[in-house]
Amino acid sequence: MTDADVWFSHLRPCRLDDRDAILEATLDIEMSLTGRAGMFQLNVFFEEASKELRNAVKLFEVGMFDAAFYSVRSAVELARIVAYFSGDDDPASSELYETWKKGGKFPFDGKIRKNLSEVCAPFQAVKDALPEFFDERNNALLRANKYIHRQGFHTFYSLIQRPEPWYAGYLPAMRDEFHAFIMGAVTEIILLRLSVDPFPILLRDPDVMYRIHYISLTKPLSDAVVDLFLTPLDCNNKVTT
């Protein structure tokens with residue numbers, strides 16, 4: 001260990017399960033461009049959410065777990081904002097979007113979460129189809145906030161890697177919690193993206209392009225991403241029926 005490393009000896013590098021799959025999913029999200037009128041310039045929100053997820057992976061791997069949890073939370077908040085904007089007929093010209101761009105008074109995430117179903121009907125349909133998933137996401141956020149705001153000794157760098165038996169469970173519990181949190185976040189961001197328009201799913205059907213005669217900039221969701229993040233929810237059946 002070098003002299004410089006001594007200052008960071010409290011950091012415990014962690015291995016993240018499904019690391020490559022998570023990173024590949026961020027690319028799918030980033031490439032799922034919406035061509036909806038008045039929405040194209042808002043694609044950058046999903047691009048930024050993807051980068052926040054990648055930041056989270058990196059931060060977790062070097063042991064900065066509180067910042068990693070925060071980056072995951074921030075990624076979902078960004079995706080939720082653009083879904084919130086999408087409820088307007090012309091989002092990029094809306095007063096709310098202009099307020100956001102200028103750094104004006106903007107609703108906190110709690111208010112956006114509360115009102116999103118009212119302003120974005122497709123999201124309400126998704127939420128109604130998957131109540132258990134969204135209930136767990138709410139609970140996962142509460143647990144993640146303990147690490148972000150450092151509530152409870154299990155969130156302390158000073159104790160999470162201590163060898164005493166009464167501390168031994170802190171590190172594996174944090175690893176499991178983070179893995180579940182980021183996996184659920186990827187799924188939630190994909191669902192928020194589909195609430196803007198369904199093309200990333202529709203374009204998986206090779207007949208769709210022929211039927212609608214439309215050239216889309218959207219990259220369809222890959223089989224690997226659908227199988228890992230959506231199929232367990234049975235989204236294709238629940239959301240479309």
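Colleague: Is Cys120 buried or exposed?

Modeller: The model is predicted, and its values are computed from that model. Buried means under 20% relative accessible area. The relative accessibility of Cys120 is 2%, so this residue counts as buried.

Colleague: How many disulfides does the structure hold?

Modeller: A disulfide requires two cysteine sulfur atoms within 2.5 Å. Cys14 is buried, at a relative accessible area of 7%, and Cys120 is buried as well. The number of disulfides in the structure is zero.

Colleague: What distance separates the end C-alpha atoms of helix α4?

Modeller: Helix α4 covers residues 65-85, which is 21 residues. At 1.5 Å a residue, the helix should span 30 Å. The computed separation agrees with this expectation: 31 Å.

Colleague: How many residues of α4 are buried?

Modeller: Helix α4 has 21 residues and is largely enclosed by the rest of the structure. This follows because the number of its residues that are buried is 17.

Colleague: How many aromatic pairs are there, and which kind is the pair of Phe45 and Phe85?

Modeller: The count comes to 15 aromatic pairs. In the pair of Phe45 and Phe85, the ring centres are 5.8 Å apart and the planes stand at 75 degrees. Planes over 60 degrees apart count as edge-to-face, so this pair is edge-to-face.

Colleague: In which helices do Phe45 and Phe85 lie?

Modeller: The pair ties together parts that are 40 residues apart in sequence. Phe45 is buried at 4% relative accessibility, and Phe85 is buried at 1%. Phe45 lies in helix α3 and Phe85 in helix α4.

Key. Residues numbered from 1 in each chain as written. Predicted model: local features only at pLDDT ≥ 70, side-chain atom pairs only at ≥ 80, totals over all residues. Heavy atoms only, no water. Helix = DSSP H or I, 4+ residues; strand = E, 2+ residues; numbered from the N terminus. Expected span 1.5 Å × (residues − 1). Buried < 20%, exposed > 50% of the residue type's maximum accessible area, 1.4 Å probe, protein only. Phe/Tyr/Trp six-rings, centres within 6.5 Å; stacked < 30°, edge-to-face > 60°.
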